[in-house]
Amino acid sequence: MIKAEWFYWLVGLSFLVMAAQMVTDRSNPKRLGTGAFWGLIGAGFIYSSWVVTKQAPAEPLGGAVLVMACLAGFGFTGRGAPRTTSAEQRAASAAKLGNRLFIPALTIPVVAMACAIGVKYLSFGGEPVLEEGSETILGLGIGAIVALVVGMIILREKRISVPVQSGRSMLEAVGWAMLLPQMLATLGAIFQVSGVGDEVGKLTAALLPKDSLYVAVVVYCVGMFAFTMIMGNAFAAFPVMTAAVGWPVLVGHFDGNAPAVLALGMLAGFCGTLVTPMAANYNIVPAALLELKDQYGPIKAQLPTAGALLGCNIVIMALFAF
Amino acid sequence: MIVLLGVLVVVIGFATKRNPLLVVGVAGIATGLLGGLSPGKVLAAFGNGFAGSRAVTIFAITLPVIGLLERYGLQEQARHLIARFARLTTGRFLALYLGLRQIGAAVGLTQVFGHAQTVRPLAVPMAEGAAERKYGQLPHRTREKIRSFSASADNVGLFFGEDVFLAVGSILLITGFVNTTYGTHLEPLQLALWAIPTAVCAFVIHGWRLLRLDRQLERELLTAHVHDTAVAEATK
């Protein structure tokens with residue numbers, strides 16, 4: 001069986017190799033801090049395997065995470081001059097290779113798709129080929145590796161250091177934003193165990209008028225929206241708002257159609273995800289990946305859509321759920 | 001009540017534009033301590049959080065192959081290809097991408113598209129290529145705008161497509177939470193059906209905004225060119 005942990009080790013290992021390259025890259029004025037940051041992430045990826053199975057203490061990893069946050073947060077990381085081709089070389093190469101260039105790029109989604117809908121059901125010697133529940137992650141990982149092999153063959157590139165260097169340049173371009181989604185997931189967990197959700201639930205319950213259906217619908221949807229913005233994740237907001245308003249008031253008191261109320265509540269939360277920097281993997285990381293000057297560019301592009309869709313969810317719920 | 005100060009730390013931190021990693025770190029430590037966790041427990045929470053959420057960073061595995069292809073002119077070829085489809089404007093292309101992303105997510109293929117593996121190497125060069133064919137060299141501001149809208153097409157498509165799919169995390173979270181907490185028997189299918197109206201609204205609203213992007217680009221680029229020539233004259 002191919003396990004998800006193997007891929008985490010592979011990712012960790014490639015971060016470690018890239019970190020070693022970063023340390024020796026004299027074109028990067030902050031090469032030591034940058035190397036330390038990515039080295040810690042890489043080591044953390046591998047060490048995490050034992051934290052997940054509770055065979056190793058989580059505290060040292062937690063300390064390392066805070067060190068990474070400080071390295072990046074106080075400006076100890078930077079980027080070197082990428083070693084790449086010139087615009088003319090790329091144009092010439094594109095003209096020569098033509099649409100063959102797309103084959104490796106399309107290999108990733110094709111393999112991911114095959115794993116998600118096909119290989120998922122294959123088993124070998126009574127064991128599933130891919131670890132259960134991790135098929136899409138494994139699909140992405142296998143897709144990336146197959147694509148790399150296909151790409152090196154098509155491009156007749158023999159040096160494995162070339163893709164590793166290119167990948168490193170992109171990592172340096174994304175920079176600290178790479179760690180933010182994981183930090184935010186952590187923050188959500190800490191909020192949960194510290195009882196932030198309960199407090200917000202109590203507040204909402206105390207402030208909500210008991211007799212108006214439409215006010216309650218608006219409070220549930222806008223609450224999901226606002227709380228998702230703060231937490232960066234509709235999944236974290238959902239239990240809180242549903243326990244406070246969705247279930248007791250909308251389903252219990254006003255006798256709403258439970259699937260409709262809950263599904264639309266979650267979707268109202270997704271509107272919040274579109275407009276918050278806390279949803280870093282959707283909003284901040286792409287801004288870094290696309291090399292935008294304005295890290296809030298995607299949020300600005302999504303803001304009107306998010307507002308309109310929040311309105312749609314409220315209207316659909318008010319009209320059809322009761 | 002006092003644990004809500006952690007939420008306040010986040011809001012203030014982002015409002016004053018501190019580095020997000022530091023904001024989140026400080027907010028996590030503050031909330032944990034105020035909520036009665038020992039310093040050791042707070043550290044463990046950070047460690048467990050990192051270990052449990054590695055999946056969000058796994059897209060990094062695609063970067064070497066994407067980087068390799070870009071070195072050999074992938075973006076240039078994507079631009080070149082789209083330039084041949086004369087009727088495909090930036091807005092129309094992105095609306096098409098939005099639809100594909102939604103359908104993909106709706107049948108459970110949430111990892112098939114994505115910012116690292118599709119938007120950067122393919123969607124952005126194609127969207128920019130369509131505009132370049134019409135207006136020539138694009139000013140930096142326009143490039144930012146097209147890229148922001150490309151990112152938005154991926155996000156909107158993913159969010160409002162995936163809930164139509166039964167086995168997706170959010171649907172399972174809803175049924176899991178409600179069925180265990182309130183002792184009901186909601187089926188994922190019932191919830192997925194109620195995600196369809198919003199999915200249609202999302203496609204219509206965001207698709208319309210993407211189509212309108214064409215007109216905005218036209219307006220912006222015509223004035224930008226006038227402005228550019230004026231600047232060029234002035235600096236001669």
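# A walk through chains A and B

Let's start at one small spot: Gly32(B) sits in helix H2 of chain B, which covers residues 20-34. Keep in mind as we go that this is a predicted model. Is Gly32(B) buried or exposed? Its relative accessibility is 0%, and because buried means under 20%, Gly32(B) counts as buried. Leaving out neighbours within four places in sequence, Gly32(B) is in contact with Leu37(B) and Val42(B), and also with Ile190(A) and Ser194(A) from the other chain. For a sense of scale, look over to Leu221(B): that residue is 189 residues away from Gly32(B) in sequence, and the two C-alpha atoms are 51 Å apart in space.

Now step back to Thr31(B), also in helix H2 of chain B. Thr31(B) is buried too, because its relative accessibility is 0%. Its side chain reaches the backbone oxygen of Ala27(B) at 2.6 Å. Not counting residues up to four places away in sequence, Thr31(B) touches Val3(B) and Gly6(B) in chain B, plus Ile190(A), Phe191(A), Ser194(A) and Val196(A) in chain A. Ile190(A) and Ser194(A) should ring a bell, as they are on the contact list of Gly32(B).

Those cross-chain touches bring us to the interface. How many residues does the contact take from each chain? Chain B gives 102 residues and chain A gives 129 residues. The size of an interface is often given as the accessible area lost when the parts come together. Here, chain B and chain A bury about 10,600 Å² between them, with carbon and sulfur atoms giving 78% of that area.

What about charged and polar pairs? Side chains of opposite charge can pair when their charged atoms come close. Between chain B and chain A there are 3 salt bridges. In a salt bridge joining Arg90(A) to Glu76(B), the N to O distance is 3.0 Å. The two chains also have 23 residue pairs in polar contact, counted with both residues at pLDDT 80 or more. On the side of chain B that touches chain A, helix H8 (residues 140-162) supplies the largest share, 13 residues. That side of chain B is made up of 60 nonpolar, 30 polar and 12 charged residues.

Each chain can also be split into domains. In chain B, the assignment gives domain 1 (3-52) and domain 2 (73-169 + 181-235), and their centres, taken over C-alpha atoms, are 34 Å apart. In chain A, domain 1 covers 1-80 + 87-174 and domain 2 covers 180-321. The centres of those two domains of chain A are separated by 32 Å, again over C-alpha atoms.

Where do the two domains of chain A meet? In that contact, 5 residues of domain 1 touch 6 residues of domain 2. About 430 Å² is buried between these domains of chain A, and carbon and sulfur atoms give 79% of it. Of the area that domain 1 of chain A buries there, Val65(A), Ala173(A) and Val174(A) supply 63%, more than any other three residues. Across this domain interface of chain A, the count is 0 salt bridges and 0 residue pairs in polar contact with both at pLDDT 80 or more. Helix H3 (59-73) and helix H7 (161-174) of chain A are the elements that give two or more residues to the domain 1 side. The residues on that side are 5 nonpolar, no polar and no charged.

To finish, let's follow some salt bridges within the chains; over all chains the structure holds 16. In chain A, Arg168(A) and Asp25(A) meet at 3.2 Å, N to O. Arg168(A) lies in helix H7 and Asp25(A) in the loop between helix H1 (4-23) and helix H2 (31-52) of chain A, 143 residues apart. Arg168(A) is buried because its relative accessible area is 4%, and Asp25(A) is buried at 9%.

In chain B, Glu70(B) pairs with Arg120(B), with the closest N and O atoms 2.7 Å apart. Glu70(B) is in helix H4 (residues 63-71) and Arg120(B) in helix H7 (residues 115-135) of chain B, so the bridge ties together parts 50 residues apart in sequence. Another pair in chain B is Arg79(B) with Glu132(B), at 3.3 Å between the closest N and O atoms. Arg79(B) belongs to helix H5 (residues 74-83) and Glu132(B) to helix H7 of chain B. Arg79(B) is buried at 18%, whereas Glu132(B) is partly exposed at 21%. Salt bridges with shared partners join both of them with Glu128(B), Arg143(B) and Arg147(B) in one network.

Notes: Residues numbered from 1 in each chain as written. Chains lettered and ligands numbered in written order. Predicted model: local features only at pLDDT ≥ 70, side-chain atom pairs only at ≥ 80, totals over all residues. Heavy atoms only, no water. Helix = DSSP H or I, 4+ residues; strand = E, 2+ residues; numbered from the N terminus. Buried < 20%, exposed > 50% of the residue type's maximum accessible area, 1.4 Å probe, protein only. Contact = heavy atoms within 4.5 Å. Buried area = accessible area lost by both parts, 1.4 Å probe. Salt bridge = Lys/Arg side-chain N within 4 Å of Asp/Glu carboxyl O. Polar contact = N/O pair within 3.5 Å; in protein donor to acceptor, adjacent residues only side chain to side chain. Nonpolar A, V, L, I, M, F, W, Y, C, P; charged D, E, K, R; others polar. Domains from an automatic or database assignment.
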